[in-house]
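Welcome, and thanks for opening your viewer. Let's walk through this model one selection at a time, beginning in the middle of things.

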Amino acid sequence: MPTFIESFYILDTYFYTRFYIDPTDRQTDVFYQKFKYWYSKELINASPKFGILGFDTGMYFLNALWKYGRNFENQLDQINAKSIQTDFYFQRVNNWSGFINKGIYFVNFRPDYTIDKIKLR
């Protein structure tokens, strides 16, 4: 009997999520190694993985500040920071509001045992 994950591959499964870590991605493996080196412990098994969420968030906003300065909100459609777990796609709801993150992924477990993580914008 196949495991749940094997069934996902066999059935060419798609799902949507705000947070997804591709376990086959090299960047994920490097992050885990460096986290263990710097903090002498493993990441807590949670969803989302808060250590990675902090990293992704920091990389997004620090990159935005570096490229566009304090008024980076005028350039949100230009910011493209590579993230591990979280996609950031901020939109203003109206002229009097702040921003919401509409970043989401479709994840496809393909029958050839590969994973596609597709950003929706």
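Start by selecting threonine 86. Leaving aside residues up to four places away in sequence, Threonine 86 touches Arg18, Phe19, Leu53, Asp56, Asn101 and Tyr105. Keep in mind as you look around that this is a predicted model.

Where does threonine 86 sit along the chain? Threonine 86 has its place in the loop between helix 3 and strand 2 (90-92). Is threonine 86 buried or exposed? Its relative accessible area is 4%, under the 20% cut-off, so threonine 86 is buried.

**The cavity**

Keep threonine 86 on screen, because the next stop includes it: the largest cavity is lined by Tyr60, Ile79, Asn80, Ala81, Ser83, Thr86, Asp87, Phe88, Lys119 and Arg121. Select that set and colour it by residue type. You should find 4 nonpolar, 3 polar and 3 charged residues in the lining. The volume of the largest cavity is about 50 Å³, and the count of cavities of 30 Å³ or more comes to 1.

**The nonpolar core**

Now hide the lining and select Tyr60, Ala64, Phe72, Leu76, Ile79, Ala81, Phe88 and Phe90. These 8 residues make up the largest nonpolar core. In soluble globular proteins, nonpolar side chains tend to be buried together. Zoom in on leucine 76, a member of this core. Beyond residues up to four places away in sequence, leucine 76 touches Tyr60, Phe90 and Phe99.

**The strands**

Switch to a cartoon view and pick out strand 1 (residues 13-17) and strand 4 (residues 104-109). The two pair in the antiparallel sense, over 5 bridges. To see one pairing up close, select threonine 17, which stands opposite tyrosine 105 in strand 4. Tyrosine 105 may look familiar, as it is also among the residues that threonine 86 touches.

Next, add strand 5 (residues 115-120). Strand 4 and strand 5 run antiparallel and are joined by 6 bridges. Which residue of strand 5 is the bridge partner of phenylalanine 109? The partner is isoleucine 115. Follow the chain from strand 4 to strand 5 and you trace a hairpin with 5 residues between the strands.

**Unusual backbone**

Most residues other than glycine have a negative phi, and most peptide bonds are trans. The next three selections are worth checking with that in mind.

- Tyrosine 113 lies in the loop between strand 4 and strand 5. Although not a glycine, tyrosine 113 has a positive phi of about 65°. Its relative accessible area is 47%, so tyrosine 113 is partly exposed.
- Serine 40 lies in the loop between helix 2 and helix 3. Here too phi is positive, at about 55°, although serine 40 is not a glycine. With 64% relative accessibility, serine 40 counts as exposed.
- Proline 48 lies in the loop between helix 2 (26-39) and helix 3 (50-68). A cis peptide bond joins serine 47 and proline 48, with omega of about 5°.

**Last stop: tryptophan 66**

Finally, select tryptophan 66, which is found in helix 3. Is tryptophan 66 buried or exposed? Its relative accessibility is 70%, over the 50% cut-off, so tryptophan 66 counts as exposed. Before you close the viewer, draw a distance from tryptophan 66 to tyrosine 32. They are 34 residues apart in sequence and 26 Å apart in space, C-alpha to C-alpha.

Terms used. Residues are numbered from 1 along each chain as its sequence is written. This is a predicted model: local features need pLDDT of at least 70, side-chain atom pairs count only at pLDDT 80 or more; totals for chains, interfaces and linings use all residues. Side-chain values use heavy atoms; hydrogens and water are left out. On a 1 Å grid over the protein atoms alone, a cavity is a set of points where a 1.4 Å probe fits but cannot get out, and a pocket is an open set with protein on both sides within 12 Å along at least five of seven lines; lining residues have an atom within 4 Å of a point. Grid points are joined across faces, edges and corners, and a volume is the space filled by probe spheres set on the points. Ala, Val, Leu, Ile, Met, Phe, Trp, Tyr, Cys and Pro count as nonpolar, Asp, Glu, Lys and Arg as charged, and the others, Gly among them, as polar. A nonpolar core is a set of buried Ala, Val, Leu, Ile, Met, Phe, Trp, Tyr and Cys residues joined through side-chain atoms within 4.5 Å. Buried means under 20% relative accessible area, exposed over 50%, partly exposed in between (1.4 Å probe, protein chains only). Contact means heavy atoms within 4.5 Å. Two strands pair if DSSP finds at least two bridges between them. Helices (H or I, at least four residues) and strands (E, at least two) are DSSP runs, numbered from the N terminus.
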